[in-house]
Structures are given as structure tokens and as C-alpha cells.
Amino acid sequence: MNSQHDSQTDTGWCLEHSYQQLPAIFHSTCHPEPVSHPQWVLLNQSLALALGLDAEALLQTPEVLSGNALPPGSTPVAMAYAGHQFGHFNLLGDGRAHLLGEQRTPAGTLVDIHLKGSGVTPYSRRGDGRAALAPMLREYIISEAMHALGIPTTRSLAVIASGDPVIRERLLPGAILTRVASSHIRIGTFQYAAHVGGTDAAKAMADYTIQRHYPELKEQAEPYLALLAAVMQRQADLLASWMQVGFIHGVMNTDNMTLSGETIDYGPCAFMNHYDAQTVFSSIDHGGRYAYGNQPQIAWWNLARLAEVLAPLTDRQGEASGFERTAQLLHTFPERYQNAWLQKMRGKLGLCHEETGDRALAEDFLSLLQEGQADFTHSFRTLSALLPSMSQTAVPAAWQAWITRWHQRLQREAGDEAAVRQRMNQHNPAVIPRNHLVEHALASAADHGDLQPLQSLMAVLATPYADCERPQAYIDPPAPNPGYRTFCGT
């Protein structure tokens, strides 16, 4: 344990405030608004331990993560940022959230502690600053499930009921989520910097981002180009991870894309059931801009907005302009993504080494899934039951030719079938947060005060790749529900 933690309070709080050292345009000092009757709903005790916090002490003081009281050393702020929302630029900011500070963990890492639904801020834009219980529980479920799937994500430390109703289409129970993130620096943060503070503000934010997330770039001859390249690679890896589990973010605005490479904002997100690249669940995505198959292209579009801000920082006298240099670098994103996607897809198919026909093999299997409206998760997880020694297993007739190609490809892999099956199970989850299971858990908790379905679901989702017995209800694909829609929850 480092010396900072030796001197921390007995509850484990060890807050720092590096973000507040940035120019004042990036944040506004403001306190969370108190709620009438804070009560615990969920506490992520394993995450609390990793953060160095005393879970028992937290459970005794719901006021601290409800906004009614502050952790020791906290000086809360709301963060300013901008964003292209469905392609339209807007000035935004934390309209219902407060950064309490940055916790220095026992491992020495620095993470944001962020309340969501904690009241009005200078960026509320006529909103009430509050959040309903069900959307906060959704973020808790999905973010922790993504973490268990091995996908970079913000985490959820706690959900506390406020005791106050919030008004949406109807009166709903209110709640506050405590979100933990490597940081909340977004592409929209850079857009805000350039729009409000110009090149100097953009440089300040770029230097801060390098210091916080990419310190190895400080000695680079071209640190801002290197920053763009590093962020592009993390986003390529992240998007490939989303696509491998059928995750649909639903609202990939530039304010929901982090420089750390973590998934953030679980509003209208959902997981695909039967495979269809055009799948959209979000009620506000009328044109399918953020459909499952469009996500890599949208990530590239968003990264272009970051490149526009960084370009002036890369100008060099006597060389190509910064815009030309960042544009040239941007053109490497499709290849970065495709390489990341194919590497993960090889794992899903049980392959280790590379062959030129692997992409076609993977894409042809996806085509079979789409043509047969087969369930994405179930099809990949059960594919290991069709290994050569088990080739008598019944399969759809349309799959026979592909199965033969796959078997031939596996013959050129090292290792026995047991190793191949293990590799496949490590890349193909048996369970995901199925939309119907999530909705049932949320309705039981928010409408009836029954947390049992949610807790049972969370227990299953904690080990998605494990080869173990599970209740069949968590594994089976649901009945078709073409009218299913998700909502932002704001």
C-alpha cells in the first residue's frame, strides 16, 4: 500500500482533483442536491474493495453516495463538454451528474468517482437533474456484465434510492448511480475545448489526457499525432469487442466516446438476439444511424471529429499541414478495426494462427446466421459441439458446406480438440444480459421492490464464459419480439 493510502481516512477515501487543475472552462464547482430519504439498493462490494473503500462503512452512510453528504476531501464539480448528437453539434455538460473527485486506489491507479442523477448543474439545460431507478439499475447491470465479458467499461459502484419521485411519462422512483471510470474525458470534451477555448484549451486537454492515460507518449517527437493513433487503436479494439458479443450501444454520440477506450453511457443499449447487422433497438434512432453493423463506421466518424481538434496541434513548419497529417492517420482506422475484429473472430472459431481465408470463413458464418435468423450468442457458443469428433450432431442443411470448410481449417491448427473447445469457450459467452431478462429484473425492482430477479441475473452474468451448469432460462434465446425498444432514461 502506498503512502497516500497509509494516510487516508478510516473509510478508505483518498480523493485527488487533477481535473480541476485544467482551465476553468472545463468544469463548474457545484454540489449535489440533497434527496429526502436515501436508501441502499445495491453496493458493488468487490469494486469497493478494489477502490480501497470500506464497504461496511459505506453501507452505514448512504448519504455519502446520494449527494446528501460528501466523502472526505471531495470538492465536487460538473464537467463541461460538447457533442455531435445524431450528427448535430451541441454544447452539453454534466446536466445531472457530479464528479466527486478522483480516487487513488491501493494499486496506485486514479479513477473518477461520479454521481449520476445527483441534481441540477449549470449544464442542466432545463432538465431536473434527476434519474429514475430503472435506468440506473440498467447501467449497473450492463456495465458490470460488460466488465465480466472482459470489455473495457465504466463500472458501477452503487445505486441508492432517493426517496423522491421523478417525473417522466409518469411518476417514477428516483435514484442516484455512482459510476467509476478511468476518466470522463470524451471526444466531446475536446470539441468543447476547441469551440470555447481554442487551440490553447485543446492543447491543455491533450496534455492532460496524455499525462493521465498515455504517459508513455510524453517523450514522443509527435505526441499529439501519437495520441490520436493510441485512441484510434483503443477504439478499434473496443468496437471489435462490442461486435463479438452482439452489443449495440444505441447512442454513439461524440460525448459518449471516451479517450480512455472505455464503454460509457448505458442508456438505450441492448444485446442482439438473432443476427442481423441492421438491428436497432433505440426508440430515438429512427434512421438506424447507430445500428449494430454501423458502429465501426460511426466510431471512425467520431474519431474524425477528434482529429479536427488535434490537427492544429500537429502543424510543423515546412511539412504537410496538421489536417493533412491527421487525415492520413485517420485512414488507418478501418484496417486497425478489421485486424482487431478478425483476431477476436479467430478466437470465436477456435483458431490461433492466421490464414488468408479466415475473414471469408468468419463472414460466411455470419451470413448463414443472418439468412437463418439464428441467435448470435447461442450459435457461437454451441459451435464447439460441431467439432470434427462430434460431426454427427444434427446441423441445418445450409451449414453443412461451411462446417466442412471449418473442419478443414481446424486440421491446420496445433493442439487437440480439447484445446480448441477451451479456446472457443473463452471467446464465446454462454450468457449475456438478454434484453427480456434485464427488463424483467428492472420491472421487478423498480415497480415491485423485488431485487431477487436482478440479483440472480447478476450472479449468472458474473461468469459468462465458464463451462458450468446454469438455469436454462438464462441461456435460451427469447421468443421473437420485433416491437422491443430501449429508451435513454433521461
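**Cavity and helix α15**

Student: How do the residues lining the largest cavity divide into nonpolar, polar and charged?
Tutor: In this predicted model, Q235, L238, W242, H249, M252, N256, M257, T258, E262, T263, I264 and N302 line the largest cavity. Ala, Val, Leu, Ile, Met, Phe, Trp, Tyr, Cys and Pro count as nonpolar, Asp, Glu, Lys and Arg as charged, the others, Gly among them, as polar. That splits the lining into 5 nonpolar, 6 polar and 1 charged.

Student: Which helix gives the largest share of that lining?
Tutor: Helices are DSSP runs of H or I, at least four residues, and strands are E runs of at least two, numbered from the N terminus. With 3 residues, the largest share comes from α6 (residues 223-245).

Student: Which elements do the buried residues of α15 pack against?
Tutor: In α15 (452-461), P453, L454, L457, M458, V460 and L461 are buried (under 20% relative accessible area, 1.4 Å probe, protein chains only). They sit on the same side of α15 because they cover an arc of only 160 degrees around the axis, taken from the directions from the helix axis to the C-beta atoms. Their packing partners are β3 (39-43), α4 (133-148) and α14 (435-448).

Student: Where does pLDDT stay under 50?
Tutor: Residues are numbered from 1 along each chain as written, and side-chain values use heavy atoms, without hydrogens or water. Local features need pLDDT of at least 70, side-chain atom pairs 80 or more, while totals for chains, interfaces and linings use all residues. The chain's mean pLDDT (the predictor's confidence in each residue, 0 to 100) is 94, with 97% of residues at 70 or more. It stays under 50 over residues 1-8.

How values were computed: Buried < 20%, exposed > 50% of the residue type's maximum accessible area, 1.4 Å probe, protein only. Contact = heavy atoms within 4.5 Å. 1 Å grid on protein atoms, 1.4 Å probe; cavity = no way out; pocket = protein on both sides within 12 Å on 5 of 7 lines; lining within 4 Å.
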